[in-house]
Amino acid sequence: MHYLDHAATTDLRPEAAEEWLRVAAETGNASSTHAAGQRARRILEESRERLAAVLDADPIEVVFTSGGTESVNLAVQGLWRSRAEGLDAVVLPDGEHHATLDTVAALAAEGAGVVAVPLDGVGRIPVSGFADAVASQGVSLATALVANNEVGTINDAEALSAVAARAAVPLHLDAVAAFGHLPVSFRTLRGDAPAGAGLVALSVAGHKIGAPAGTGALVVARTARLAPLLHGGGQQRGLRSGTQDVSGAAALARAAELAEAERAAEAVRIAGIRDSLVAGIRSRVPEAVLLGDPDPSGRLPGNANLLFPGAPSESLLFLLDQAGISASAGSACQAGIAEPSHVVQALGRSEAEARSAVRLTLGRTSTAADVDAVLAVIGDAYRRATGSVRSDSR
Ligand SMILES: Cc1ncc(COP(=O)(O)O)c(C=O)c1O
């Protein structure tokens, strides 16, 4: 099998799996005061320190969660629910992940206003548009992606954080797609923002970096005002009650350390494979258009997202799957129905074009053989999907 969907989820790292299982075999609730509990507590707090070191944050700022969706919900709902009176609006750039979009939509149903920020043609959040949005009346919080998970475009997160700080608006950054691929320093991104303004919360997810699915974290600045979603035992500064997943935390810390140690070299290696993939596809399908930033330094190293004009993405994905290649459409498939990607449309593309986008994403286990496999079939798959050649599979 050739797996080219590492942005959806990536291989569990053997070292993280080993740590996960070893710690899971230990008994003890990290909140118990007896020796077994204290042992669990020690592993948990060491894991928090290790993850904090990778994210360049204070250990107390790391709140372990069940993954990206929970982290985003805790940040966005939590900030909104602790807003000052009269500040009801949320700054929401176009093209955010559904975890954010749908959370803001749920808040809008409760009375939140939404200040949209259109993306530019390559999928980047314009800093000036973001600055205007955060400076508008009644803004309670802003949220933004560090890098777009569909088209891979990297935002200027430091500049977004600075303009939010200047407007005295708290900012959540969704670093789920960026973590493990780009440097992510909470301290640097926060800069010298005053208490409660600028970057106050940052989301990461374990299964994107080789930790188990169901692990993740939200980094929450000490001075942030955030209402919890879960009420109970008051664990993790009262921000996330519930018995803590010690083995998941240990596995996440291990995966994060490994990802960070190899990040720079892997970025070069993976971008090289990605560039030969894109060049090869374009030579076999000259109609294909690369979405996102054409400058490789402006996009995630493992991301290639292409429009195949006239070819429904589900047909292409089916034909690729038949050839043993796993890829995805621009957007997540909900209940088995492929929606046209809202991100591709946010780049100024039509709904029809958004229905012909295919995302190929690379990761730690990707090799040149994956490229060869795609290039061996993509030309034929395109002609079949556009109907210019009858497909045997119909
Ligand atoms: C940018 C981004 N944010 C949030 C999420 C949600 O994360 P999770 O799948 O861990 O819930 C994803 C997952 O694809 C993502 O890519």
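**A cavity, a β-α-β unit and a ligand site**

Good morning. By class, the second largest cavity of this structure is lined by three nonpolar, four polar and two charged residues. I should say at once that we are looking at a predicted model.

Let me stay with that cavity. The structure holds two cavities of 30 Å³ or more, and the second largest has a volume of about 40 Å³. Which residues line the second largest cavity? They are Asp94, Gly95, Glu96, Leu119, Gly123, Ile125, Leu145, Asn148 and Asn155.

I turn now to the secondary structure. Strand E3, residues 89–93, runs parallel to strand E4, residues 113–117, and five bridges join the two. Within this pairing, valine 91 of the chain stands opposite valine 115 in E4. Helix H4 covers residues 98–109, and together with E3 and E4 this helix makes a β-α-β unit. What is the hand of that unit, right or left? The β-α-β unit is right-handed.

My last topic is the ligand. Around the ligand we find Gly67, Gly68, Thr69, His97, Leu145, Asn149, Asp174, Val176, Ala205, His207 and Lys208. Leu145 appears here and also in the lining of the second largest cavity.

Three of these contacts deserve a closer description. At glycine 68, a polar backbone atom is 2.8 Å from an oxygen atom of the ligand. Lysine 208 also approaches a ligand oxygen, with a polar side-chain atom at 2.6 Å. For aspartate 174, an N or O atom of the side chain is 2.7 Å from a nitrogen atom of the ligand.

Thank you for your attention.

Notes. Residues numbered from 1 in each chain as written. Predicted model: local features only at pLDDT ≥ 70, side-chain atom pairs only at ≥ 80, totals over all residues. Heavy atoms only, no water. Pairing = 2+ DSSP bridges. Helix = DSSP H or I, 4+ residues; strand = E, 2+ residues; numbered from the N terminus. Right-handed = clockwise from strand over helix to strand, strands pointing away. 1 Å grid on protein atoms, 1.4 Å probe; cavity = no way out; pocket = protein on both sides within 12 Å on 5 of 7 lines; lining within 4 Å. Points joined across faces, edges and corners; volume = space filled by probe spheres on them. Nonpolar A, V, L, I, M, F, W, Y, C, P; charged D, E, K, R; others polar. Near = heavy atom within 4 Å. Polar contact = N/O pair within 3.5 Å; in protein donor to acceptor, adjacent residues only side chain to side chain.
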